[in-house]
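Thank you all for coming. Before I begin, please bring the sequence and the structure up on your screens, so that you can follow along as I talk.

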Amino acid sequence: MIFYLLPILIGYTGGRLVGGERGGIIGSITTIGMITSTKIPMLLGGMVSGVLGGWIIKNFDILVKDKIKNGFEMLVNNFSIAIIGIFLTIISFFIIGPFIEWTSSSIGCLLKTIIHYNLLPFIAIIIEPAKIFFLNNTINHGIFSPLGLQDILENKNSIFFLIESNPGPGLGVLLACFFFGKGDYYKSAGGAAIIEFLGGVHEVYFPYVLMNPKFLLSLILGSMTNIFILIFFQGGLIGAVSPGSILSILAMTKKNFYYINIFSIFSSFFVSFLSAIILLKLIDHKNKKFVESSEKIIDDNLLNYKNDKSDYFFKDINTIVVACDAGMGSSAIGASILREKIRKKNLIDISIHNVSIHCIPKNADIVITHKNLTSRAKQHAPNAKHISLVSFLDNMFYDALVNKLIKNKNFYNKIYTTKKNDFNKKNKSEKLFQLSQKNIILNQFANNKEEAIKIVGKHLVEQGYVKNDYIDAMLEREKITSTWLGEHIALPHGTIEAKDNILKTGIIFCQFPNGVRFGDNIDDIAYLVIGIAAKNNEHVMVVSKITNALDNPDIITKLSKTKNIKEVLLHFNV
């Protein structure tokens, strides 16, 4: 796995991020050349070859675009991958692979010399500042992991696996902020400390350091302490850890080395914690220079859109993306917080997703990133509206954002509300839409979300709410971004372009007792799938009642297993 699988996966990922699926294939082929030319793990080589292969095939596709005659597309696509792949494999075998092996050996010799003269702790002066600028994954997997894999062949364990991944210094800064920092901003440091130490998401402490750069000194001192103790007692790990959680570290600790590694981590935490407390005394507790109100953060982002007033900025928002470097750590936390706040306010038309900056979907209306990553996000999503934040754990920021969305929704629904009131005056005894027994379908089964959507869509068609083409629009909408709402609920619906296929407003409440995976994560299982077809926003009142009824997890669990349609109607009280 270390010599073949991981480098190929890295090469594929790098190529795909640059040149799409074809780039991923070329990146994998190029990586093979490096693997066969050297005797060391080519993790760094995979990073280089993947990006190079993706870049070359991307530019080739641009060069031949609109120049291929009809019917020859498949021929050109297949042969271009084969020919370019062979060419790059030869280059990587004779040039790139040996060069990276020489570079890696040189760095290894340099580090051995540094270790011989007891200077390795000073490398923390470079590592810690680089980490907080989101280079932690590059440092860990691009530099220390290959060096550690070489070192492990000669020694029982390697110190290189526990330099970047040590959670001690970050934990010290976070707990110092939580216990001794003044201001609302520091209240989130306690939760961040748990996520960082147990979850291994080091990115959560980066904003605290970027806000108060003096904390860099605490990180450096803590990291130097860790490295010194590991060298003195010959500690280390038997493999790379990712994420940098204490649990992962213990899993990769060799027998009889637990005390050494735990002592090094605790010592680095203690030094970082004490130095951070001292630095907090020197920092302006009011944080006027660093901490802005959450409303001001959002308003400042609007200045980038000179023709957009606040109300217009938040108009027609359907998809909000929270993005970070890897798309799995800090962005997942931020998306989870925002998704919960969106759900509680019944803004069911807005979907929240967390992704890597390189994978921001084209349909994203708002992209939320850390302020140091916003410029990169704009390159990948130039048409989206971008909001920068300071911390992914800033609850006040998300509250302010949700308030803006609610305010905007109310502003643009004034005309609709007026029309609805006029309609009700003429039809006092009628409702816009009445949920009845025929709209509730229980005990359904599907192997995947596509099958579930087809089942829901079939009932929408059979009950005369939509045309048959609306089912395809629902599937297309799901490809763009998942309609997973959270709390075991999904709300599939068609694309905007499919409005003409809606005959009248209708909702189908479908129960899947065995569950259907709808979200991106393995645990995103939907037991209740509610298909929606709406004309002129007429579904708003009914959907609002449905989400209000499903606000209680116990009710969701009950309705996921019930066999009584009347019990469903009783809870909705429609």
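I will go through two sheets, a core, a pair of helices and a few backbone details, in that order. Please keep in mind throughout that this is a predicted model.

Let me begin with the open sheet of four strands, whose order is E2-E1-E3-E4 and whose pairing is parallel. Its edges are formed by strand E2, residues 351-356, and strand E4, residues 385-389, each of which pairs on one side only. Neighbouring strands in this sheet are turned against each other by 25° on average, if direction is ignored. Inside the sheet, strand E1, residues 319-324, and strand E3, residues 366-370, run parallel and are joined by three bridges. If you want one pair to look at on screen, take isoleucine 320, whose bridge partner in E3 is isoleucine 366.

Isoleucine 320 brings me to the core, because Ile320, together with Leu338, Ile368 and Leu405, touches the most other members of the largest nonpolar core, which has 63 residues and in which every member is buried, that is, under 20% relative accessible area. Where does this core lie with respect to domain 2 and domain 3? Both domain 2, residues 149-276, and domain 3, residues 319-415, contribute residues to the core, and therefore it lies between them. To see one of these members in its surroundings, consider leucine 338, which, once its neighbours within four places in sequence are left aside, is in contact with Ile320, Ile352, Ile368, Tyr398, Leu401 and Val402.

I now turn to the second sheet, which is also open, and in which five strands follow the order E5-E8-E9-E7-E6 with mixed pairing. Here the edge strands are E5 and strand E6, residues 484-486, and each of them pairs on one side only. Strand E5, residues 440-441, runs parallel to E8 and is joined to E8 by two bridges, with cysteine 510 in E8 as the bridge partner of isoleucine 441. Towards strand E9, residues 525-533, the direction is antiparallel, and eight bridges join E8 to E9; valine 516, for example, stands opposite alanine 526 in E9. Helix H17 lies across E5, E8 and E9, running at about 155° to E8.

How many of the 12 residues of E8 are buried? The count is 10, and E8 is thus mostly covered. One residue of E8 that I would like to single out is isoleucine 508, which is buried with a relative accessible area of 0%. Leaving aside neighbours within four places in sequence, isoleucine 508 is in contact with Asn439, Ile441, Val456, His459, Leu460, Gln463, Tyr465, Val529, Ile530 and Gly531. Of these contacts, histidine 459 is 49 residues away from isoleucine 508 in sequence, yet the two C-alpha atoms are 7.0 Å apart in space.

Serine 560, which lies in helix H20, residues 553-561, is likewise buried, with a relative accessible area of 3%. Not counting residues up to four places away in sequence, serine 560 touches Gln511, Pro513, Tyr527 and Leu528.

Next comes the pair of helices, H2, residues 43-64, and H4, residues 124-151, whose axes come within 7 Å and cross at roughly 145°. On the H2 side, Leu43, Leu44 and Met47 meet His141, Gly142, Ser145, Pro146 and Leu149 in H4. The residues of this contact divide into five nonpolar, three polar and no charged.

Finally, some backbone details. Most residues other than glycine have a negative phi, and most peptide bonds are trans. Against that background, a cis peptide bond joins serine 242 and proline 243, with omega about 5°, and proline 243 lies in the loop between helix H8, residues 215-233, and helix H9, residues 246-251. Asparagine 118 has a positive phi of about 60° although it is not a glycine, and its place is in the loop between helix H3, residues 73-116, and H4. Is asparagine 118 buried or exposed? At 54% relative accessibility, asparagine 118 counts as exposed, because the cut-off for that class is over 50%. Asparagine 443, too, has a positive phi of about 60°; this residue sits in the loop between E5 and helix H17, residues 449-462, and at 46% relative accessibility counts as partly exposed.

Notes: Residues are numbered from 1 along each chain as its sequence is written. This is a predicted model: local features need pLDDT of at least 70, side-chain atom pairs count only at pLDDT 80 or more; totals for chains, interfaces and linings use all residues. Side-chain values use heavy atoms; hydrogens and water are left out. A nonpolar core is a set of buried Ala, Val, Leu, Ile, Met, Phe, Trp, Tyr and Cys residues joined through side-chain atoms within 4.5 Å. Buried means under 20% relative accessible area, exposed over 50%, partly exposed in between (1.4 Å probe, protein chains only). Domain bounds come from an automatic or database domain assignment. Contact means heavy atoms within 4.5 Å. Axes are lines fitted to C-alpha atoms, for helices over the stretch in contact, and angles run from 0 to 180 degrees between N-to-C directions. Ala, Val, Leu, Ile, Met, Phe, Trp, Tyr, Cys and Pro count as nonpolar, Asp, Glu, Lys and Arg as charged, and the others, Gly among them, as polar. Two strands pair if DSSP finds at least two bridges between them.
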